[in-house]
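Me: Please take a close look at one part of this model, a pair of helices that touch. I would also like a note on any backbone angles that stand out.

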Amino acid sequence: MEQHVTPCEDAPPPLMYRVERPVFDEAYLHTQLLHPRERSPKTIRQRLAQQLHCSSERAKAIALSFLPILTWLPSYPVKEYLFGDLVSGLSTGVMQLPQGLAYAMLAAVPPVYGLYSSFYPVLLYTFFGTSRHISIGTFAVISLMIGGVVVREAPDSMFMIQALNGTATNTTVFIDTEARDARRVHIAVVLTTLVGVIQLVLGLLRFGFVAIYLTEPLVRGFTTAAAVHVFISQLKYLLGIQTPRFSGPLSALHSVTAVFSDITSTNVTTLIVGGVCMVVLYCVKDLNERFKKRLPVPIPGEIIVVMVSTGISYGLSLSENYQVDVVRTIPSGLLPPAIPDFSLLPNLVTDSIAIAVVGFSMGISLAKIFALKHGYSVDGNQELIALGLCNFVSSFFHTFAITCSMSRSLVQESTGGNTQIAGLLASMVVLLVVVAIGFVFQPLPQTALAAIIMVNLLGMFKQFRDIPALWRTSKIELAIWLVAFVASVLLGLDLGLLVALGFAILSVIYRTQSPKSVILGQVLDTGLYCDVDEYEKAAECTGIKIFHSNSSIYFANSDLYLNALKEKTGVDPVHLQAIRKARKRKLKKESAERESQNHKSPQKMSAVVKLDLELGVTHEVVAGGGSQNHLEVQGNGQVAETHTESDSEETRFLEPLCPVHTLILDWTPVNFIDSVGAKAIKLVIKEYAAVDVCVFIAGCSRTLLAELRTLQFFTGVVAPEMVFPTVHDAVLHCRRRTAPPTITAIQ
């Protein structure tokens, strides 16, 4: 015997949700159902005592938070982690060497200072940082921002010297590079000190949240623009031509113009060396990407290019024979610490704030990505403190500002790095080069460093792919990306960041001032209410309009909220008041016309009365000047019909001005309301009451209700009985209030 089993036979029964309770309003909830806890306010002394109390546990917690290395180093699993950290540290250190030399060129300081900046900060971050995978050190965007400030404060024109060339009339102008470089190093060091102070103070004041204002589209558009600036700045090194370095608005356009105007003097040997280096680096990066699962360690393309190009440059004497610019002097050993020249501080405050915020934003965003991937947490405030200490302390050892590098961090994580022991080992590799073999890199062609920088920008240029993706998902975020990119390219990175940040804040204001406003309707046989324009099953309640707007109500959008309310519901109290006044004037005019007619023809009126008495119709002049007609047809016990003109006039006057008698404001999405918004809502409730339209509020959170009580919202025309916990409570209350009274027959 065949058995037919329908698919729904084995399905579990639906989970039912049954609640039977009275309709609640806020007056009942606050006084009867909910009983707020009584809390005595703490005095300032009690609060200070609570914050400043000291105990052994609190001291231990502070020490562990300030030195995160103490939380993981005592339990460091040597057998599991050491080999991975060793391989990762060596790979990252080998990559950090050429990048440190190259990014020093972006910062407009001699290359050796890039090596210093790749050692001291990395060493310090090992002890104070909370991320286990990011690689601290030089980074293209920060180096370029520093270079822009340094060139602005110490341009080449300040160090031009005229020298006699045989005769008094024949002079040669040249630049005193030693004095220029020394001055630029002083400026970069002071700028780094100020950046460190700002980051340290923000971290101690628990301002780690500042990075949230640099939204992801803003950061990606900004870094893409920085990549454009970096690429343009390296063209002269790639081509081997001498052009001045520009800073400020339109510096990118000036740089491109200068390069192309002098392109005929390109050094062909320099271009060939740089082009070959770029091709090799690109191929190595492509191989690393294609075979990253098979390769135990990425191929160190940068160090290979540096070593080979250095050897070729030394063997062929490219500097003397082919006029190829090389790194030249790299002093061995570390410089002694020195106090920065703080007299330069006043001109650098604005730039240091921008560099501090951008550097922290880069670091915390990448740190959070790795923390989420590997299942641990990072502390934004401690990251600020760590970066601040790295910049501040290192600046006394002649470094420039640093942050984390995307490319090196990916290498450090992908090669098996588990902790900052990998970063510590990477800094030891840099130290070895600085102390022992720094002189080896003196013949290194600058065009090879330019090639390293340009190829490392590929990842940033891939961010142009964000444009079609954002076009499909969010036009506002696309606008933020484009504004950040265009402003940073045209105005420079400092002003561009400021413009982009201002535009991002304006976009938030725009969203609050242009929320989506809808009319809700009830889904049949449920307590659910949805947009009637979007869902077929949602039907409006007769005589009730439920208004929903997904924004808070404050001074900037309270008028817009009220305008949307009147437009969506179709109920404008000002318009209804005008209709009522027009009716009243019309009735007064008709009444006056009837009175004048009655005074003009009294004889005719008496004749009509006499005639109508015979027909059973009476006319009575009433006090208001009108007349009443009573048709008294007697017979068979029938009740006489009565037609009253004044009654019909009153009925016409009292007819509802609008089919909507109730408005319900759904405040479920309202997070806050200020005094301006509260006054506006009270005023509109009063206006609607004047035209017999009741307004109720539903869905307020307890926090919002506390704000309303603080603002003394429940006074005058507004009472707690007008506020309901849900929209359904408000609808049931309105239906009962407007239901016709039940008539009981008398027998």
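Reply: The helix pair comes first, and two loop residues follow.

This is a predicted model, in which local features need pLDDT of at least 70, side-chain atom pairs count only at pLDDT 80 or more, and totals for chains, interfaces and linings use all residues. Residues are numbered from 1 along each chain as its sequence is written, and side-chain values use heavy atoms, leaving out hydrogens and water.

Two packed helices are described by the angle between their axes and the distance between the axes. Helices (H or I, at least four residues) and strands (E, at least two) are DSSP runs, numbered from the N terminus. Helix H21 covers residues 466-473 and helix H22 residues 475-491; their axes come within 6 Å and cross at roughly 150°. The axes are lines fitted to C-alpha atoms over the stretch in contact, with angles from 0 to 180 degrees between N-to-C directions. H21 and H22 are therefore roughly antiparallel, a term for angles over 145 degrees. On the H21 side, the contact (heavy atoms within 4.5 Å) is made by Asp466, Ile467, Leu470, Trp471 and Thr473, and on the H22 side by Lys475, Glu477, Leu478, Trp481 and Leu482.

Most residues other than glycine have a negative phi. Ser317, not a glycine, has a positive phi of about 50°. Ser317 sits in the loop between helix H13 (301-316) and helix H14 (318-321). His398 also has a positive phi, near 70°, and lies in the loop between helix H16 (380-395) and strand E4 (403-405). His398 is buried (under 20% relative accessible area), at 16%.

Note on methods. Parallel < 35°, antiparallel > 145°, perpendicular 65-115°, else oblique. Buried < 20%, exposed > 50% of the residue type's maximum accessible area, 1.4 Å probe, protein only.
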